[in-house]
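Please explain what the enclosed spaces and the surface of this protein look like. Where do the cavities lie, and which residues line them?

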Amino acid sequence: MRSISIFGATGSVGENTFGLLMRGGGPGAYRTVALTGGRQVVRLAEMARTLQAEVAVTAHDDCLPALREALAGSGIAAAAGAHAVAEAADRPADWVMSAIVGAAGLAPGLRALAHGATLALANKESLVTAGQLLLATAAASGARILPVDSEHSAIFQALAGEDITAVERIILTASGGALRDWPIEALARATVDEALAHPNWAMGRRITIDSASMFNKALEVIETREYFGVTPDQIEVIIHPESIIHSMVGFRDGAVMAHLGAPDMRHPIGYALNWPDRGHLPVARLDLAQLATLTFRAPDLARYPALRLCREVMAIRGLAGAAFNGAKEIALDHFLEGRIGFQDMSGVVEETLSRLSAEMCLGNAALALEDVMATDHLARVRAGEIAHHRAATRT
Ligand SMILES: NC(=O)c1ccc[n+]([C@@H]2O[C@H](COP(=O)([O-])OP(=O)(O)OC[C@H]3O[C@@H](n4cnc5c(N)ncnc54)[C@H](OP(=O)(O)O)[C@@H]3O)[C@@H](O)[C@H]2O)c1
């Protein structure tokens, strides 16, 4: 029987994973090792009881009493704190879903890979902050990373049976997010609720805002470079408002392989769960005659500075991805809390990168988790200072 763990079980990807496991036979079909979450401890305990997990872990120490209470009488162990989340990855599991949001997902993913688990990777921040470290850890233990981001799952599927050296380009599709059709001069006053109104995908709050700003796509460009080993100039981004083509691979003979499907995360999650087989999945089937038209447009870099910044980050590589992501997470926090405007987010990230470049060598290779986390921390501190200054001078 396959053993599984889910990191970030209470989130959007985690819930979809849980739903597919239940549909695929539930507790009798899998042995559940660890489930982790953040503040939603009642839901975490409910999932742990349903899947008969060995341990449930909350990332927050202050949530432990509530988690213990919710698990009372179940025989399921409870633990709390970032260290306990990472330690849960030391418990052997065949298949591990990495669906924590943000850089906090890196440490448990690395540990699961060091133990040889197959890592279903939704946490794109892991590849952005520490791509080379992640791949080296997997190579050392013989572990496999299966991409769960819909774009990277699409590319992975388009590459099945192909030689990577025959790839000319990878074309990432982007919906353009909630503010895609706004006049550019109106973006400065976009509210959180407006940026959250994604036209196609139902996702967690943070990634939905990142879709509107295209920071999500910027992270995915870096993720593509790290995971597939192509050069930055082989990666293109195209806006495709319908979100039906999840990405494309262009080969040197001119052929382009596209992956199409309904915008539903259960496809890439289910693909990673069933891989190397294809199981039946409860996703809507495409009606191409009804769809009739698929449209595309080039992204405007003035509207989406994140797409320009990710090119600078890839040119530096090393620790620049950790700085970029750390600064982005802080800028996003400040926007979500109403302290800075929508367009200030890219300003904060750009200024953080330029300040950190003067303070340290961002091009140094990310050799250890500690290097990555130290850079992440410094980027957060500087981004916080810059965001506070912007908030104070905001008109
Ligand atoms: N949602 C999507 O459709 C989608 C698509 C592609 C890729 N992804 C990627 O998948 C990851 C998860 O996204 P999501 O949308 O599912 O996020 P989400 O709904 O916000 O869920 C995040 C999960 O992580 C937990 N968490 C939050 N902060 C944590 C911390 N500091 N330490 C440990 N756990 C923490 C949350 O716990 P609580 O909720 O209990 O607090 C929750 O279980 C992200 O990297 C995202 O970019 C998501």
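The following paragraphs treat the cavities and then a patch on the surface.

The model is predicted. A search of the whole structure identifies three cavities of 30 Å³ or more. The largest cavity has a volume of about 110 Å³. Its lining comprises 15 residues, of which Val-128, Gln-132, Glu-226, Arg-317 and Gly-318 are the closest to the centre. Helix H6 (124–141), helix H10 (215–228) and helix H13 (305–316) each contribute at least two residues to this lining, and H6 gives the most, with seven residues. In chemical character, the lining of the largest cavity consists of eight nonpolar, five polar and two charged residues.

The second largest cavity has a volume of about 80 Å³. Among the residues that line this cavity are Leu-187, Phe-215, Arg-303, Tyr-304, Phe-342 and Met-345. Two or more lining residues come from each of helix H9 (205–213), H13 and helix H15 (344–359). H13 thus recurs, since this helix also supplies at least two residues to the lining of the largest cavity. The lining of the second largest cavity divides into eight nonpolar, three polar and one charged residue.

On the surface, Leu-260, Leu-286 and Leu-288 form a nonpolar patch, and together these residues have about 240 Å² of accessible area. Leu-286 is placed in the loop between helix H11 (266–274) and helix H12 (288–291). Is Leu-286 buried, partly exposed or exposed? Leu-286 counts as partly exposed because its relative accessibility is 32%, a value that falls between the limits of under 20% for buried and over 50% for exposed.

Methods: Residues are numbered from 1 along each chain as its sequence is written. This is a predicted model: local features need pLDDT of at least 70, side-chain atom pairs count only at pLDDT 80 or more; totals for chains, interfaces and linings use all residues. Side-chain values use heavy atoms; hydrogens and water are left out. Patches are made of residues with over 30% relative accessible area and no salt bridge: like charges are joined within 9 Å, nonpolar side chains (Val, Leu, Ile, Met, Phe, Trp, Tyr) within 5 Å. Accessible areas come from the Shrake-Rupley method with a 1.4 Å probe; for residues, only the protein chains shown count as cover. A salt bridge is a side-chain nitrogen of Lys or Arg within 4 Å of a carboxyl oxygen of Asp or Glu. Helices (H or I, at least four residues) and strands (E, at least two) are DSSP runs, numbered from the N terminus. Buried means under 20% relative accessible area, exposed over 50%, partly exposed in between (1.4 Å probe, protein chains only). On a 1 Å grid over the protein atoms alone, a cavity is a set of points where a 1.4 Å probe fits but cannot get out, and a pocket is an open set with protein on both sides within 12 Å along at least five of seven lines; lining residues have an atom within 4 Å of a point. Grid points are joined across faces, edges and corners, and a volume is the space filled by probe spheres set on the points. Ala, Val, Leu, Ile, Met, Phe, Trp, Tyr, Cys and Pro count as nonpolar, Asp, Glu, Lys and Arg as charged, and the others, Gly among them, as polar.
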